[in-house]
Amino acid sequence: MDCNPEQIFAYLDTIYSAPNNQLRVEAYERIEAFLQQLQSVQQLASVLSACQSDVQRNFGLHCLQCFLRNIWNCTTLEDKHQFKTMVFSLVANPDWTKHESLCKVIVELVKREWPQHWPAFVPEMQELSKQNVAPVLSVFLRLSEDVFEFQNVPQQRRKDIMAGLNENVDAIFGIVYNCLVTNVQTYVAMEDALLIRMLVQLLPLPHVCYDSSEAVLLFFEQKVKTLESNTYVELVTNTNILQAVAGCLAQLQKQDTVSNFEDNFSQRLCQIVCCIGQHLVSKLITNSPIVFNALKLLLSVVKNEHVLSLVEPSLPALLDGCRLAQLRNGLPSETGHACSGYSQVQFDSDDDYALFFATLRSEACLALQAITQAWPVAVATHLLETLSKDTAALSNQDPAAPLAARSPIVVHWDGLANHCEAVLARLPTCLDSGGVDPASSDRVRDGAKAATDALLNAAPVCQPQLRTCLLTALTAFLPFLASDRGLTLRAVQCVFNTLRDTPGSRNRAQREMRKHAVVCLLRLCKTWPDGVLPLLNEYCTEVTQLCQLDQLSVFESASLIESVVLLSNHLPELSSRRATIEGIMLTTMEQWLAPDLSGALSDPARFLRAIGLDRPTVDSVANFQAGRIQLHQCLMTIYNAVRSCSAPTDGHASPVAELAGRAWPNLLRFAHCLHCLHTPAMRALFHPDYSRVFDLDNCQKCQIMGIPYSRKRAEDGEAESAGKTPIQKMHTFLTEAHSTVLRAIAHTYKSVPDIVDDWQLAEHLASESDLPHLPDLLLTDVIRSLSSVAVRDRPAVTGELAGHFCRRLLDHTLARLNERWTAFAANSNDNDNNCGDADGEGDGDGDADLSDEVISEQCLRRLSRAFLDLLHCLLLCGRTGGGGLNQGTAASAMDSSSTLPVPLVEREPQLAAGVLTCLYEAIAWPDGPASQRAAVWAGPVTRQLAGQLAADSDAPRRLLMQVLRALHQHGASGEAAVACLVQLFLCLYDCFHRADAFRTGLAEWTRQPAAKLEELDSRLGLRPGSRPVAEKTKRDVARRFLESVIGKPLSEQFKLAQNYKNLPPLFKAAWRRKRTEDANGRENLDGIVSLFASVENAAS
């Protein structure tokens, strides 16, 4: 094995920087082999003398630790002495003392040598403390922790070291005491301003920068308690502490690579700025919220003249820093960038870095908004100057030239566009608030219009990646175009040209560009329509011509028509709105109501053949893809029109009512056809190529699990048509069509109530032949999309709905959930029993099977929560104000004395009883949050239905059994669910404790005698003439009474099963001294006095 230090350090660099994993593994193996063959102190000395960087010094200290662990007992006395000398020579070097591992080496050395073979250890540490006390204190701290607290030393050595520490306690205390005295005297004798100025001068020095930053932070944390407000501000102003911190941060940013020590130092500097800003806020502004970002903390007090003088001169550099922070640089895959070294260590992939960068960019945007509120004119001027300079540089761009997505100019404009959004989000409000003089405000608005004109001129000559950024910036400038009709029309024409000029086969960059163009148009028509509204007819004509082009996607075509609907919302006359919507939707409605389409939607088998599910994938794509796209486009357009059309405030019918009424039958038929495709009869008609068309793809699985998912593409020039297989295209169509049609039905049902027939809704969406075959994920979508709108937003017709649509959903979903949760519990028990037999017996598909099980479980939990949402909507239907279950409502429902009104009980007691049965079934599911929600709502319903339930003598007994089953289920895992279940038990006992069947069942299942029940009545205050009992006391009493039913912790189960008598009790009773009294009845304290007699005698 080559022991050359240069070669070893080369292997070390390979581990940190090699892009190939195989090279890193080989380098790691070589280093491990070197550590195993490390035999002499001379080898250690050669390695330590060659260390130059922090990484190499850490490796050298690791070599010392390996030498101590492996061959210390086989080392000669001469080598041991040489080893100690070498270690103490490192302590004198400041490059080594900043590494905590050096103290660990000394501690390990002490564990092996002291006190028998190293009697001079404490005197040597005393001498060392006179030069550098920090490592000495760290050594004694770690040694005492290992010996007294962690006890990770062999027993005999532990006794020896403890004896040595006790013998030398005076010397050790003297080291600590001298350190405290020296520093306290220096601190007391020094003035505050002088001390801070001294520490400020130490901040740039590399060897003491971290320690001085800690001292500065400690000073400002302590002095804020004693200084007056003006004194504190003067101290911050006169000592130039903020300028020094900013200078250190600027020096760190200039470096190509940042070590761990420098990263910690920068974090400490940020903590100093946060501390100063936080204290300034608390001293200068009453009741001001504390913001955690350092920049926002300082800007929150910029109205103070002292702080304003500090920050304002650095404003341009501050804005440039915020803009540079929004550049998407430094990905782990970019080996050539300066920041990539840090990201390669901190993040495993570009996706992980993207999540971090999103947070970083968000913080930068919040800081920019705070800056804009403080200096709106200065920030706007700086932005316009930067934008003007960068826009002028785009005149030489060739729109046909290829441009990589990670090219520097694209990264620069992406950050600049986001910078524009952050600044311009608050700028119009700041200019209109009155705090800016009119001349400056007009100058900023004129500059914004000039910048918009430059963006419009540069957009046509840019590549798609750059045009996307320009469109984003253009969207941010839309508030300044409301008074300029010419610029508004140019912006609209720019969007239209972007959609018209792009070829049919588009890559990813072109798709993103068109998406940003559509978003810009939608924002313009929704919020700032004044420039387009006078030319509404010409706008509709242009949109109609664009929609006739084949190159528009479903999203683009539907969004263009939605923009017309958004514009029509600003028309004053209802007839004009209705005519505009009917005119722009004419082609769509003709296609949607065509006889061929209506006939196909009327018969599921015919619909299956119409979309090509019975044909091979080649024929399906060639002959049926265009029809599927047209069908989805009609559906999306109808949904956008119904959703975006605002209802009149004078009580008239919605302008889209007539159109929605004509589209309603086919919407129901379409949803019914999509549900029928899951039945076995329809699945038998599928071509074998589409046998797995309903399998979840990776994107859906990630959405179900709540984890991010990014589609990987081979290159930026990849066309969309080549990105998906025919099966994936069919799967996407069926999934998106189902989601869209449900949302369209829900919004139509909400906004146009007169056209709805509940029997049709129940037959098409809750058919008894379709629901059993609908997957959990789709059934969850049905419940979430329709039940809340159908019940919560339509309380006047709840009785009718509950009789058909909602009742069918209740019955089927409850039966399915009970079956699935029972199977889930049984499967969990089998897995627990057989977990030891599965080692080494799985095949390569084990991970995929496990993933499918996890996805299935998550879908089941989502369905449970959707089902409880449906029950929640039913219970609150008719309540004034509506709304969800907020914390106040939940708290009142948890109170057993509360009589929370449930509107459904008053209006439909029979349906409320059915909902109550569902709630009591849900509390026993092995899902803690679902059980908790069900228990919270079951209590108030039980109270209001107590009379109806008491008529059936067996009903309270069945409800009690469900509560006890749930307590047994959740006792060992869900404390919150147990608390809700105990409260529900109190509610049941309060309502039915006099019923004989209820008391008999309770005594039998809890194994309590009748006398215990009588005692429970008394302690709960249920006997006639009893005093009122506090609710918390009731819960405690009920909890103790039910201890035999609630699931036991594992330790108690172990004791009960094995019956070991020598196990100690879990809760040891506190020792109580026996009380003695003298002849006069006073407490006798002679025993206590006698204990201290020897102490008093010794003191005298």
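No disulfides turn up here: with a disulfide taken as a pair of cysteine sulfur atoms within 2.5 Å, the count comes to zero. A disulfide is a covalent bond between the sulfur atoms of two cysteines. Take Cys540, which is in no disulfide: the nearest cysteine sulfur, that of Cys525, is 9.6 Å away. Cys987 is in no disulfide either, and its nearest cysteine sulfur belongs to Cys991, 4.4 Å away. Both cysteines sit on the inside, where buried stands for under 20% relative accessible area, exposed for over 50%, and partly exposed for anything in between (1.4 Å probe, protein chains only). Cys540 is buried because its relative accessible area is 15%, and Cys987 is buried at 3%.

A word on the model itself: it is predicted, so local features need pLDDT of at least 70 and side-chain atom pairs count only at pLDDT 80 or more, while totals for chains, interfaces and linings use all residues. Residues are numbered from 1 along each chain as its sequence is written, and side-chain values use heavy atoms, with hydrogens and water left out.

Zooming out, the protein chain has 57 helices and zero strands; helices (H or I, at least four residues) and strands (E, at least two) are DSSP runs, numbered from the N terminus. Of the 1100 residues in the protein chain, 45% are buried. Contacts, meaning heavy atoms within 4.5 Å, often bridge stretches of the sequence: among those between residues at least 6 apart, 73% join residues at least 24 apart. The accessible surface, worked out by the Shrake-Rupley method with a 1.4 Å probe (for residues, only the protein chains shown count as cover), comes to about 55,400 Å² for the protein chain, and carbon and sulfur atoms hold 52% of that.

Now for the aromatic rings. Rings of Phe, Tyr and Trp (its six-membered ring) pair if their centres lie within 6.5 Å; planes under 30 degrees apart count as stacked, over 60 as edge-to-face and the rest as tilted. The whole structure has 19 aromatic pairs. In one of them, Phe121 and Phe140 have ring centres 5.9 Å apart and planes at 55°, so the pair is tilted. Phe121 lies in helix α8 (residues 121-131) and Phe140 in helix α9 (residues 133-150), so the pair ties together parts that are 19 residues apart in sequence. Phe121 is buried at 0% relative accessible area, and Phe140 is buried as well, at 10%. These two rings belong to a cluster, linked by ring pairs, that also takes in Phe88, Trp114 and Trp118. Trp114 has another feature to show: the peptide bond from Trp114 to Pro115 is cis, with omega near 5°. Pro115 itself sits in the loop between α7 (100-113) and α8.

Further along, helix α19 (residues 315-325) has four buried residues, namely Leu315, Leu319, Cys322 and Arg323. Seen down the axis of α19, these fall within an arc of 100° (taken from the directions from the helix axis to the C-beta atoms), so they line one face of the helix. An α-helix has 3.6 residues a turn, so residues three or four places apart point the same way. On the other side of α19, Ala317 and Leu324 are exposed.

Arg323 from that buried face is touched by Thr386, which also touches Leu416, not counting residues up to four places away in sequence. Thr386 lies in helix α22 (residues 376-392) and is buried, with a relative accessible area of 11%. A polar atom of the Thr386 side chain lies 2.9 Å from the backbone oxygen of His382.

Glu562 offers another buried polar spot, with a relative accessible area of 9%, in helix α30 (residues 554-568). A polar contact is a pair of N or O atoms within 3.5 Å; within protein, one must be able to donate a hydrogen and the other to accept it, and residues adjacent in sequence count only if both atoms are side-chain atoms. The Glu562 side chain makes one such contact with the side chain of Arg643, at 2.7 Å, and another with that of Ser644, at 2.8 Å. Leaving aside neighbours within four places in sequence, Glu562 is in contact with Leu522, Asn640, Arg643 and Ser644.

Last comes Arg1007, whose phi is near 60°, a positive value in a residue other than glycine. Arg1007 sits in the loop between α52 (996-1006) and α53 (1010-1019), and is exposed, with a relative accessible area of 76%.
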